[in-house]
Amino acid sequence: MTPALRLLLILLSLVFTPLALAEPVDSDPVSDSAQINDLTAETDAEASLSLPRRLAQLSSSIAHDVGEQIVNLASTARNLLSGDLTDPGFDSTAFTDAALNLGMVVLATLIMFFLLKRLSRPLFTVFSRWTEAGERPTPVLRLVFCVALATVLDLLLVVLAYVSGSLIGTFLIGESGELTTRASLFLNAFLIIEGLKAGIRMLLQSEHQGLRLLAIDANEARFWNRWIGKLISLVGYGLMTLVPLINLYLSKTLGEAVGTLITLLAYAYATTVVLKHRSRLRMIIELRANNTEGGIAQVLLKMLSRSWHLLAIAYFSLVLILTFTRPEDALPFVLLATIQSIAAIVAGLLLSTLLGQTLGRRLTLSDELKHKLPMLESRINSYLPNALYFLRAVLFVFVAMLILGAWGAFNISDWFVSDTGRMLVGKIIAIAVILTVAFAAWVILASVIEHKLNPETGTGEPSPRIKTLLALFRNAAAIALITMTGMVVLSEVGINIGPLIAGAGVLGLAIGFGSQKLVQDIITGIFIQLENAMNTGDIVTVGGITGVAERLSIRSVGIRDLNGTYHLIPFSSVDTVSNYMRDFGYHVGIYGIAYRESIDEAIIHLQNAFEELAADEENKNKILEPIEISGVTALADSSVNIRVRIKTTPGDQFSVGRAYNRLVKIHFDNAGIEIPFPHTTVFFGHEKDGSAPAASLRLEAPGSNRGVSG
């Protein structure tokens, strides 16, 4: 409870306690016991009625009370016009003197209050400027601190004006040394009403932008501040000063009628202003909703923007009904409930804003930590909005419970100490702790894996096998963590997870029988990973497809072939894995020369081509051993084939082979060694005995007129 609210409650008790004790009550133990028994019997009888019947009786009672008040008001107006309400002992001279003395007290108090406000204006300006300057500490904390100081100062001015009016009324006006009842009524009303206005100024400060809790325009704040101030003054001074004075000097019946009239006028004035200006506040709330990032808050604000005037009219109608049905305690009850509701809403909004300024902003880690764990910052920032939504939802429920408790519809303290309340709060806290621990465990686990995979921060460049296994372990850990967290949360909610686990086992068995291919995929994939058959980035031949293994899961492998086509191959269809990236590789080349060429000379040029390749800066680090020339491997149809083999680092055999083929062609061309290619022989027919005379052909020089002869 804030100091301002506590001060107002103390003032309310000081004002209304004398009024409650003003009428004497005779106490008789016997009659009290009989009344208690009658009340108990009546309560039991009401409890036996159905809900529609009780609602009908309540509506009938309210209508009867309101109608009775209106009838009394009309009767009082007729009697006032006829002069029947005048007290026979009424002293007009004493009434005039009392009115003048009261007017002087009122004037002196208001003048003193005005002077104090003028003198304190520079302090409010300093508070406002300090609020708007800088961003440290958190802006909402700075705003709350300055608004609290300004509110305390505003209430202090009200108290000083109250004390000044009391001193003036005691020693300068009327009988010296005694404060009159009429002056006391006004001063008490002044203290409460101006204290309420100070609370309204805390929310809707129109003169100082930095001291306004609600983020609205200055013109709008000025309008609503002035309107609410007028409404509070009309009801407060009317019911707390004018009505008691009429009861004291004129007639109690007239005082009740004036009180009813003031209540009706205030209700008509309030509903008229709300209906006339409902679009103004609607636009303010819609703007606030548009600036809110999704979630339940934006939905609630949009709903409030379309129905706020209905809620306001319902509130004024409730106050009117309570005033007519419970005239003895309606005002303090409504005042206290309204203050508690506004305090709960404002505190909830401020706390929500504080959460948004702390959890809503993007978390920035140090450069060293981002270098070691590059994904940690983005991962944490992806979880913070969800935590913010959860906390705001809990805050909304708690504020709603406080508002219901303020109006007597819900007792939050009794609910918290009840078994249901303790159990529900305990489960919510347990679930929040479980989810927090699960998210923290996942963040730590994923960060450690990223640290191991980072070549700059771990133990160096991880091997492809380590990369593959860590990626698979991260996926498996995520699935296990989600499953375990879900089971524990369901257990905390109250669901028996024993049958759920058994059912999951049976379901898994059924899926295993019905999906044998899937089971085969997973089992084969597990053994392929355990045997380190291939890793991400390896060049492999799997299922007749050759390419780079881009993705490995527990069930399948993704291959990107030379043409760029992506192949997804389930492990159940894999019989053989050919990996070109294990330990080393060989470029195996078969080079054919013509039959008329010297084999030894060709081998010399193959060796020279290799020496040039080994001296190349780009390829020398890829060659592990000298060239192996196996010699003649085949006497083919049109060539003599010589096989060579070059040992390279894993995966580089392809690039080394291409470079060596280029050099072999260059060296053979320079040496005039023919690399045979297919030939065609043309026959011009043959005799019956099988002889085939050779055709004599020769090529003439270009431009010659001679033909072909044979």
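Modeller: Two strands pair if DSSP finds at least two bridges between them, and the elements themselves are DSSP runs numbered from the N terminus, helices being H or I over at least four residues and strands E over at least two. This is a predicted model, in which local features need pLDDT of at least 70 and side-chain atom pairs count only at pLDDT 80 or more, while totals for chains, interfaces and linings use all residues. Residues are numbered from 1 along each chain as its sequence is written, and side-chain values use heavy atoms, with hydrogens and water left out.

Biologist: How do you know that β3 and β4 pair?

Modeller: Strand β3 (residues 556-560) is joined to β4 by 5 bridges, and since at least two are required, the two strands count as a pair. They run antiparallel, and one of the bridges sets Arg 560 against Tyr 566 of β4.

Biologist: What makes β4 and β5 the edges of their sheet?

Modeller: The open sheet has 5 strands in the order β4-β3-β2-β1-β5, with antiparallel pairing. Both β4 (566-570) and β5 have a single partner strand, so one side of each lacks a neighbour in the sheet. On average, neighbouring strands here are turned by 40 degrees against each other, direction ignored.

Biologist: On strand β5 (residues 577-579), which includes Asn 579, what makes the approach of the Asn 579 side chain to Asp 538 a polar contact?

Modeller: The two side chains come to 3.1 Å, and a polar contact is a pair of N or O atoms within 3.5 Å, where within protein one must be able to donate a hydrogen and the other to accept it, and residues adjacent in sequence count only if both atoms are side-chain atoms; the value therefore falls inside the cut-off. The side chain of Asn 579 also reaches the backbone nitrogen of Met 581 at 2.8 Å.

Biologist: Why is Thr 648 called buried?

Modeller: Buried means under 20% relative accessible area, exposed over 50% and partly exposed in between, with a 1.4 Å probe and protein chains only. Thr 648 has 0%, so it is buried. This residue of strand β8 (residues 640-648) has a polar side-chain atom 3.2 Å from the backbone nitrogen of Gln 653. Over the protein chain of 710 residues, buried ones make up 33%.

Biologist: Why are α13 and α15 called roughly antiparallel?

Modeller: Helix α13 (residues 376-406) and helix α15 (residues 419-453) pack at about 170 degrees, their axes 11 Å apart. Axes are lines fitted to C-alpha atoms, for helices over the stretch in contact, and angles run from 0 to 180 degrees between N-to-C directions. Angles under 35 degrees count as roughly parallel, over 145 as roughly antiparallel, 65 to 115 as roughly perpendicular and the rest as oblique, which makes α13 roughly antiparallel to α15. Residues in contact (heavy atoms within 4.5 Å) include Tyr 383 of α13 and Trp 442 of α15.

Biologist: What makes a set of residues a nonpolar core?

Modeller: The members are buried Ala, Val, Leu, Ile, Met, Phe, Trp, Tyr and Cys residues joined through side-chain atoms within 4.5 Å. The largest such core has 54 residues, and Phe 186, Phe 190 and Trp 227 are among those touching the most other members. Its largest share, 12 residues, comes from α6. Apart from it lies another core of 19 residues, including Ile 593 and Phe 610.
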